[in-house]
Every structure is written in structure tokens, then in C-alpha cells.
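Me: I'm new to this one. Can you walk me through it, bit by bit?

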Amino acid sequence: MTAAAPSAKPILKIEEIVKNYGPITAVDRVSLDIREKEFFALLGPSGCGKTTLLRMLAGFEVPTAGRVLLEGRDISPLPPERRPLNLMFQSYALFTHMSVRKNLAYGLEMEKLSRAEIDRRVDEILATTDLVRFADRKPEQLSGGQKQRVALARALVKRPKVLLLDEPLGALDKKLREKMQLELKRMQHEAGITFIIVTHDQEEALVMADRMAILKDGRLLQCGTPEEIYEQPADPFVANFIGVMNFIEGTVSATGAFEAPGLQLAVSSNRSGPASLAVRPEHIAVASAEAGFGGVIEEIAYHGLDRVLHVRTSASQSAIQVRVSAETGARYRPGDRIGLGIDAAKARLFHSAA
């Protein structure tokens, strides 16, 4: 599936947007450019401001400051019904007394389109979302995944320039959720519409998004592709929030070495002093037990194709996680002493605040 090209022009610009609730700042001067036909994720822990930001884009919340521009036009003053954006709620909000077909047609009927145009667009979206055989059923006769597709189809049939999705997969079980992640991506690609999704699920964002923005306490911490954010996190919070990360506290010496008890690693830094070394489990290699840096395996977690070794070392208060293949992991048992090698080029160094 083709992602939005990096050179694609922004369809939506968020400029220094702020939302205050009395003394509480829910969104704090967030600026973002979102591109045409892009699948964009707003990601962060509960209370970070992502849903408030989405509701301001939809027009259900009024910004305290800043503005939202759609194709260069300031839509901040417009009510929801006058914005060419659709918001799909987590609850789906389907009309229970209507069939799937009538649910899809309702919004078009409100726009006073001709019956021929309504039927044509409904038939088209039923085919795109694989709902043709369910067209005459009512929501109570559908599974959770089918209801999710109906809600998505109802939003897409109106052909919004941007579709906003608030935790759209939150009500689904894990297996169906994973299936629907790929379905959402496929339908977004086929519809050629910009999707902006709010989620707290890091894996979901990594699978679906062309780019993502990480928010915390109402502030934007980092925006980039999943690869950029996973491999080059901007700060310790982002590093810890996305995927699994080992943190080793130590000091960078004047000679450019990161030092912690039992560990010395050459790093690229022009600043000395207290620092934290962040390294992903897959960027740590298992070496011989005689290696200068190592420890004792406390436990081994089986993950199918690979295993994660939890290794107690003198360098860190927490056990260090090391991801290895299932074949390699099968050689070891808790209590074994092993050496470890860190790929310095893949590690991130975060200096402590002065």
C-alpha cells in the first residue's frame, strides 16, 4: 500500500492551537501539518490531549487560541455540520432501527442528493467495505467487526476530505482488532482520503500510520514516521512509550565514553556528564560469558518466533531485555551467565537536565 508521498502538500494545518478548561491546559500550542491521502495517528497516554485535539478539528470543541486550516481556509469558526470532515465515534452510533443500507444512505438523504446518486454511492461503498451481503441486516444482527465497517462506510460514503477516527477499534477483541487495522489501512488507500486516528495503542499506530504525533500533557513531543520515532525517539518519554526500551543510567566521560558499572561504550557525544543510554532489546547481541559486559539470565519470555532474555547486570537496576531468535533463546536457561554487546550506533543517548 502506498503511503502519502513526503512531498504531498498539507491538506490540514494546525497552527499553535490551545484549549483551556479554566486553569487546566488540555492542548498546549500544538502545530502540525497533515498531508493529502495520509494516514496520520495522534498517539499518547490517557489525558494527553489527543481526543480534545481531534474534537477541535471536528468542530465539537472551540479552540482557546490558534486555528485550523483546511486547504488554506480557516475553518476554526465553522460548526461541525459545515466542515468537510467526518468524525467516526468509538461507539459507532448506528441507527438500530435501520438496515445497513439505510444507515449508509441517511447522511446523503440529509444532503438532498438524488435517489440515483444515493443508490450509486451506497452500492459503491458497500462493495469497498465488503458489506454487500449484510446490506439488509440491522446492526443487532452484525458482529463487532461488521458494525465497525458499517460505521466506517457511513463516514466514507459522504466523501469527506478528512476522516477523523476516535479509538475506532477500541471495542474489538485483540484478534479482530489486528485484522481491522489492515482493513482500515486498505480502505483508506482505496478511498484516497486523509485519515486522522486517535489511539493510545502504540502497536496500532505503528502498523497503520504513515506518520504519527506523540503528545504528553497537551504538548507535542515528536512527529515523524513510525520508523523515525521508533529508531530515533526525541526524548526518554517517547523512547519508553513506543515499543520496549532498556535504559541504563551512567555518565559520559570527557573522552566520549558512556560509563556505567561494568559497562564502557564509545558514543558520539560532545557533552560530558550524567546521561541515560537507551537501547532496544533487538539491538543487544549475546556474546560469550567472558565478555566484559554481561550478567545472569533471570527469566526467558517466549514470543513464538523469538524469545526475550531478562538479564540482571551490574549496569542497571532493572533487568535488561534482550530479544533473540527462538533458536538462540532455546540454548539458555534462567541462571545462565551470558555476555552482552550493545550496538552503539543504534543506541540513543539522553543527557540529564543541567
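Reply: Sure. One term before we start: a polar contact is a pair of N or O atoms within 3.5 Å, where, within protein, one must be able to donate a hydrogen and the other to accept it. Also, this is a predicted model.

Me: OK, so which side chain does Lys185 join in a polar contact?
Reply: That of Asp210. The polar contact between the two side chains is 2.8 Å.

Me: And where is Lys185 found?
Reply: In helix α5, which covers residues 174-191.

Me: Is Lys185 buried or exposed?
Reply: Buried. Its relative accessible area is 10%, and buried means under 20%.

Me: New topic. What about Gly250, where is its place?
Reply: Gly250 sits in strand β11, residues 246-252.

Me: Why does Gly250 count as buried?
Reply: Because its relative accessible area is 17%, and the cut-off for buried is under 20%.

Me: What does Gly250 touch?
Reply: Leaving out residues up to four places away in sequence, Gly250 touches Phe258, Glu259, Ala260, Gly273, Pro274 and Ala275.

Me: How far is Gly250 from Ile118 in space?
Reply: 65 Å, C-alpha to C-alpha. In sequence, Gly250 and Ile118 are 132 residues apart.

Me: Back to β11. How does β11 pair with β12?
Reply: In the antiparallel sense, over two bridges. Strand β12 is residues 257-260.

Me: Which residue of β12 stands opposite Thr251?
Reply: Glu259. Glu259 is also among the residues that Gly250 touches.

Me: What's the strand order in the open sheet?
Reply: The order is β13-β12-β11-β14-β20. That makes five strands, with antiparallel pairing.

Me: Which are the edge strands?
Reply: β13 (263-266) and β20 (348-351). Each of these pairs on one side only.

Me: And the twist, what does it average?
Reply: 35° from one strand to the next.

Me: Switching to pockets. What volume does the largest pocket have?
Reply: About 740 Å³.

Me: How many residues line the largest pocket, and which are closest to its centre?
Reply: 26 residues line it. Closest to the centre are Asn86, Leu87, Gly107, Arg154 and Lys158.

Me: Which elements give two or more residues to that lining?
Reply: β6 (85-88), α2 (100-110) and α4 (144-156).

Me: Which one gives the largest share of the lining?
Reply: β6, with four residues.

Terms used:
Residues numbered from 1 in each chain as written. Predicted model: local features only at pLDDT ≥ 70, side-chain atom pairs only at ≥ 80, totals over all residues. Heavy atoms only, no water. Buried < 20%, exposed > 50% of the residue type's maximum accessible area, 1.4 Å probe, protein only. Contact = heavy atoms within 4.5 Å. Pairing = 2+ DSSP bridges. Axes fitted to C-alpha atoms, helices over the stretch in contact; angles between N-to-C directions. 1 Å grid on protein atoms, 1.4 Å probe; cavity = no way out; pocket = protein on both sides within 12 Å on 5 of 7 lines; lining within 4 Å. Points joined across faces, edges and corners; volume = space filled by probe spheres on them.
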